[in-house]
Amino acid sequence: MSDAAQQTLLILGASGDLAGRLLLPGLGALLAGGAGKDLLLVGSARHGWDDNRWRKRVADSFAAVRARGRQVDAVIKGTRYLEADVTVEGDLRRLLDTRQGCLVIFFALPPTVTVTACRVLGGIGLPEGTRLVLEKPFGTDAASAAALNDLLARLVPEDQVFRVDHYLGMATVLNILGLRFANRMLESVLNANHVERVDIVFDESLALEGRAGYYDRAGALVDMIQSHSLQVLALLTMEAPSTLEARDFHDSKALVLRATRVWDDDPATWSRRARYTAGQADGRRLPAYADEDGVDPDRNTETFAEVVLAVNTWRWAGVPFRVRAGKALPGLRKEAVVTFKQPPWVPTGLTGYDRPDQLRIGFDPDRLSLDVNINGPADPSELDRVTLQAAFGPGQLPPYGEVLRGVLEGDPTLSVRGDIAVECWRIVEPVLRAWRDGQVPLQEYPAGSTGPGNWPLPGT
Ligand code: NDP
């Protein structure tokens, strides 16, 4: 077998939550589908595990997703574990020495440790062709994200850097692009002439689930909106790329994100934040966020964030994009809703018109719905609301299977390009500043309720 076909996936932070809960099961699913021929998997952390202890973790994670087959068995058999502190040069050199073929380094580490490890790697140098995979949060603001980009650029070229956004699987991206750009009928009305507003909603009933260490320093705005919601906004608003190749696709996304800002540049008016108090969500009794283990209530971390954004392009100027994300809400709701303007005139004689038509793109499950007004079954002059629905094709892989597929195939389409990561921080920074300066009160909502009360949109 030629060296070129061989790859080594080095997981730093192999004993952590991400590796065990998402990364290894994703890898198992990918291998079961036939990918990853000749892959050497190396795990590393400071834990004093041996190969067998690690092999068991890998095998259990693969079994959890019923991953079977030749590649699966081969990876389990050949995998190795090295105890190492990645902030120590000698340890990193030992890890690099395990490489067979092309090296992929997955930084499943606390973000500050990742930055230190990259600095140390800068002094060592990386083998030609090495790919680096970085988790969110990528930086803590635009300046630190740009500095991290510079650091990475000194290690490898940009198309070998993979910034993970696992919320948008390839199937979802292609579904939105296919819907928008392979249908003349829909695309021609997706603009400010016809659209009243767009809502991008990521609501979940899950609460903190023991992740205070991470979440209490992030909050809903950074955890969801700065990363995932803005990627969805870009897909909904970008102009058609001429190909789906990574460069065209990222260029189209970058253009529209550069045109995006807080409505009226007024974050004090057009953002709001809240955290849940005790209540019941999805049949579970939840303590108040402020009373959860590991939470510092004085940090005023929000579990619900909502921002109105403007996309200042010819196509979208004047259309409010309301983006919200929250925890401990009544149920899972992940969707983008395009609300069209009212018809200029509903003919006299048709009765019962009360709501404009809406296009809903659901992300979990991936589903398209069109809510329209048609003549009802009883009295034909009375309008009824009906929903036309179609399921999008589901992805073949779990999200981290898709992330790893892109990385191992060297396809950066799903990765967040460096300039786009900075741009997303630039968009939310005024909101973070306004919140830090106390310009926006931290509201409360009982867990299991629909969140803080109604919020009027611009112009209403
Ligand atoms: P954990 O705290 O669970 O794991 C961190 C890992 O890093 C552990 O294996 C730890 O092992 C290792 N580590 C820490 N310091 C060092 C060091 N100096 N040298 C070597 N290894 C070290 O974090 P998560 O797995 O939850 O998160 C990892 C990254 O993934 C973070 O950036 C997070 O934001 C991101 N992420 C996590 C998600 C999740 O659901 N968990 C979801 C999305 C992103 P040891 O102490 O033995 O060294």
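**Exercise 1. The ligand shell**

Task: In this predicted model, find how many residues surround the ligand and which are the closest.

Solution.
- Step 1. Count the shell: 25 residues surround the ligand.
- Step 2. Pick out the closest: Ser 15, Asp 17, Leu 18, Arg 21 and His 47.
- Step 3. Sort the shell by residue class. There are 13 nonpolar, five polar and seven charged residues.

**Exercise 2. Polar atoms at the ligand**

Task: State what lies at the oxygen atoms of the ligand for Leu 18, His 47 and Lys 136. Then give the share of the ligand area that the protein buries.

Solution.
- Step 1. Take the side chain of His 47. One of its polar atoms is 2.3 Å from a ligand oxygen.
- Step 2. Turn to the backbone of Leu 18. A polar atom there is 2.8 Å from an oxygen of the ligand.
- Step 3. Do likewise for Lys 136. Here a backbone N or O atom lies 2.8 Å from a ligand oxygen.
- Step 4. Add the area. The ligand taken alone exposes 880 Å², and 83% of that is buried by the protein.
- Step 5. Assign the elements. Those giving two or more residues to the shell are α1 (17-32) and α5 (111-124). With four residues, α1 gives the most.

**Exercise 3. Two cis peptide bonds**

Task: Locate the cis bonds that lead into Pro 137 and Pro 365.

Solution.
- Step 1. Start with Lys 136 and Pro 137. The bond that joins them is cis, with omega about 0 degrees.
- Step 2. Place Pro 137. It sits in the loop between β5 (131-134) and α6 (142-153).
- Step 3. Link back to the ligand. Lys 136, on the other side of this cis bond, has a backbone N or O atom 2.8 Å from a ligand oxygen.
- Step 4. Go on to Asp 364 and Pro 365. Their peptide bond is cis too, with omega near 5 degrees. Pro 365 belongs to the loop between β15 (358-363) and β16 (366-375).

**Exercise 4. Aromatic pairs**

Task: Classify the ring pair of Tyr 215 and Tyr 289, then that of Trp 316 and Phe 321.

Solution.
- Step 1. Choose the descriptors. A ring pair is described by the distance of the centres and the angle of the planes.
- Step 2. Survey the structure: the search finds 10 aromatic pairs.
- Step 3. Test Tyr 215 and Tyr 289. Their ring centres are 6.4 Å apart and the planes stand at 70 degrees, so the pair is edge-to-face. The cut-off for that class is over 60 degrees.
- Step 4. Map this pair on the chain. Tyr 215 is in helix α9 (residues 212-237), and Tyr 289 is in the loop between β11 (284-286) and β12 (304-311). The two are 74 residues apart, so distant parts of the chain are linked. Tyr 215 and Tyr 289 are both buried.
- Step 5. Test Trp 316 and Phe 321. With centres 5.4 Å apart and planes at 80 degrees, the pair is edge-to-face. Trp 316 and Phe 321 are both buried.

**Exercise 5. Around the tyrosine cluster**

Task: Name the members of the ring cluster that includes Tyr 215, and find what lies over the face of Tyr 215.

Solution.
- Step 1. Follow the ring pairs. They link Tyr 215, Tyr 276, Tyr 289, Phe 304 and Tyr 445.
- Step 2. Look at the face of Tyr 215. Lys 327 lies over this face, 4.9 Å from the ring centre.
- Step 3. Look at Tyr 445. Its side chain makes a polar contact of 2.8 Å with that of Thr 303.
- Step 4. Place Thr 303. It is in the loop between β11 and β12. Its relative accessible area is 0%, so Thr 303 is buried.
- Step 5. Note another charge over a ring. Arg 53 lies over the face of Trp 49, at 4.3 Å from the ring centre.

**Exercise 6. Positive phi**

Task: Decide whether Glu 209 and Asp 282 are buried, partly exposed or exposed.

Solution.
- Step 1. Check the backbone. Glu 209 is not a glycine, yet its phi is positive, about 50 degrees. Asp 282, also not a glycine, has a positive phi of about 55 degrees.
- Step 2. Place each residue. Glu 209 is in the loop between β7 (195-203) and α9. Asp 282 is in the loop between β10 (279-281) and β11.
- Step 3. Apply the cut-off: exposed means over 50% relative accessible area. At 40%, Glu 209 is therefore partly exposed. At 57%, Asp 282 is exposed.

How values were computed: Residues numbered from 1 in each chain as written. Heavy atoms only, no water. Near = heavy atom within 4 Å. Polar contact = N/O pair within 3.5 Å; in protein donor to acceptor, adjacent residues only side chain to side chain. Areas by Shrake-Rupley, 256 points an atom, 1.4 Å probe, with all protein chains shown as cover. Nonpolar A, V, L, I, M, F, W, Y, C, P; charged D, E, K, R; others polar. Phe/Tyr/Trp six-rings, centres within 6.5 Å; stacked < 30°, edge-to-face > 60°. Buried < 20%, exposed > 50% of the residue type's maximum accessible area, 1.4 Å probe, protein only. Lys NZ or Arg CZ within 6 Å of the ring centre and 35° of its normal.
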